[in-house]
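User: I would like to go through this model with you. Let us take the ligand, then one arginine.

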Amino acid sequence: MPECLALLMPAIVTITFSPCIDKSTSVDAMIPEKKLRCALPKLDPGGGGINVARAINKLGGEALAIFPSGGYTGKHFNALLEKEHVASRIIETRSETRENIIVVDESTKKQYRFGMPGTELTADEWQQCLDAVDKIEDLEFIVASGSLPPGVPLDIYAKMAVIAKKKNAKLVIDTSGEALRHAAEEGVYLLKPNLGELASLIGKDHLEENELEQLGRQFVLNGHCKVLVVSLGGAGAVLITASEIHHVVPPKVEPKSVVGAGDSMVAGMVLSLSRNLPMKEVLEVGVACGTAATINPGTDLCRKEDVEMLLKRIRGSAANS
Ligand SMILES: Nc1ncnc2c1ncn2[C@@H]1O[C@H](COP(=O)(O)OP(=O)(O)OP(=O)(O)O)[C@@H](O)[C@H]1O
Ligand SMILES: [Mg+2]
């Protein structure tokens, strides 16, 4: 096991405002109007921060997942997460936890992802989620990830940033649109947009990879975050701080499903940061975890053995270049 994945851990908490049960299945072919016979579905607890906590667990770390959950589906969701031994703090809600559906068309191997709208949270419920984070002592990292359901204010991650600063905790944000913009305006520790999310954040239609270095550094110098990690799908990712820039390209793989790639990447980076690894290695582990998630089918996250194999290849090719 690489040393970076073997040390003991300080506290990491993830917060997910819109968790879901991911139901994955397959059909022979996606044909309209006909009755489609589905394979036995596989159920996973999902949503940004939930997946980050699950991936941290799979990598041998520990994270506490804080999330709202309600109704019959909420009970089912809680049981699915418990089966994976992820520590949780549950905020009971009036609304039912949502369910998403992922269908693979076996004739084309294409994946269809149906996302249900997030279920509404009341002001009291989302406030309880924030309070739950606020109450935890000796918190080092807070990971806030995923979309926001109706009822939750778009500046919720900015509110989270104020709490993180008060607690001297490092806030990591992986989201998009207005929620991302508010977080960046308040200023956080780490942001992980993909190229499209970063482009809309800085008000551009499109961004080229070669513009990243200059724009990214300016973004960091403007105080939006201390660490900016821009993920580039199969091209890997770039990490930018005020004084460092690193680019890591993963080895070529045959991706089976990119579901959970971003979440696995965030998990690997946060775990590495909590172990005080240098930024270059943080990015290497993050890219290895993201790519490891793509070689598994469906909603499966990164597997530790795959991460270790990919890390060796990433480090080997960096040493030879
Ligand atoms: N096709 C691919 N081949 C190899 N690695 C990949 C591929 N797609 C994603 N990855 C890995 O996963 C990481 C994150 O992927 P990506 O940039 O697609 O994030 P994202 O758009 O935030 O994804 P998500 O939809 O999971 O939120 C990449 O940096 C890379 O390591
Ligand atoms: Mg993403």
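User: How many residues surround ligand 1?
Analyst: This is a predicted model. Lys 192, Asn 194, Ser 231, Gly 233 and Gly 236 are the closest to ligand 1. The number of residues that surround ligand 1 is 17.

User: Which residue has a side-chain N or O atom 2.8 Å from an oxygen atom of ligand 1?
Analyst: An oxygen atom of ligand 1 is also 3.5 Å from Leu 232, but there the polar atom belongs to the backbone. The 2.8 Å distance runs to a side chain, that of Ser 231.

User: What is the distance from a nitrogen atom of ligand 1 to the side chain of Thr 291?
Analyst: The cut-off for a polar contact is 3.5 Å between N or O atoms. The pair joins a nitrogen atom of ligand 1 to an N or O atom in the side chain of Thr 291, at 3.0 Å.

User: What share of the area of ligand 1 does the protein bury?
Analyst: Taken alone, ligand 1 exposes 620 Å². Of that, the protein buries 80%.

User: Why does buried Arg 98 have no salt bridge?
Analyst: Arg 98 is placed in strand β6, residues 98-105. A salt bridge needs a side-chain nitrogen of Lys or Arg within 4 Å of a carboxyl oxygen of Asp or Glu. Arg 98 has none because its nearest side chain of opposite charge lies 7.0 Å away, and that is Asp 22.

User: Which backbone oxygen lies 3.0 Å from a polar side-chain atom of Arg 98?
Analyst: Contacts of Arg 98 beyond four places in sequence include Pro 19, Met 116 and Ser 147. The backbone oxygen of Pro 19 lies 3.5 Å from a polar atom of the Arg 98 side chain. The one at 3.0 Å belongs to Met 116.

How values were computed
Residues are numbered from 1 along each chain as its sequence is written. Chains are lettered from A and ligands numbered from 1 in the order in which they are written. This is a predicted model: local features need pLDDT of at least 70, side-chain atom pairs count only at pLDDT 80 or more; totals for chains, interfaces and linings use all residues. Side-chain values use heavy atoms; hydrogens and water are left out. Helices (H or I, at least four residues) and strands (E, at least two) are DSSP runs, numbered from the N terminus. Buried means under 20% relative accessible area, exposed over 50%, partly exposed in between (1.4 Å probe, protein chains only). Lys and Arg count as positive and Asp and Glu as negative; His and the chain ends are not counted. A polar contact is a pair of N or O atoms within 3.5 Å; within protein, one must be able to donate a hydrogen and the other to accept it, and residues adjacent in sequence count only if both atoms are side-chain atoms. Contact means heavy atoms within 4.5 Å. A residue is near a molecule or strand if one of its heavy atoms lies within 4 Å of it. Accessible areas come from the Shrake-Rupley method with a 1.4 Å probe; for residues, only the protein chains shown count as cover.
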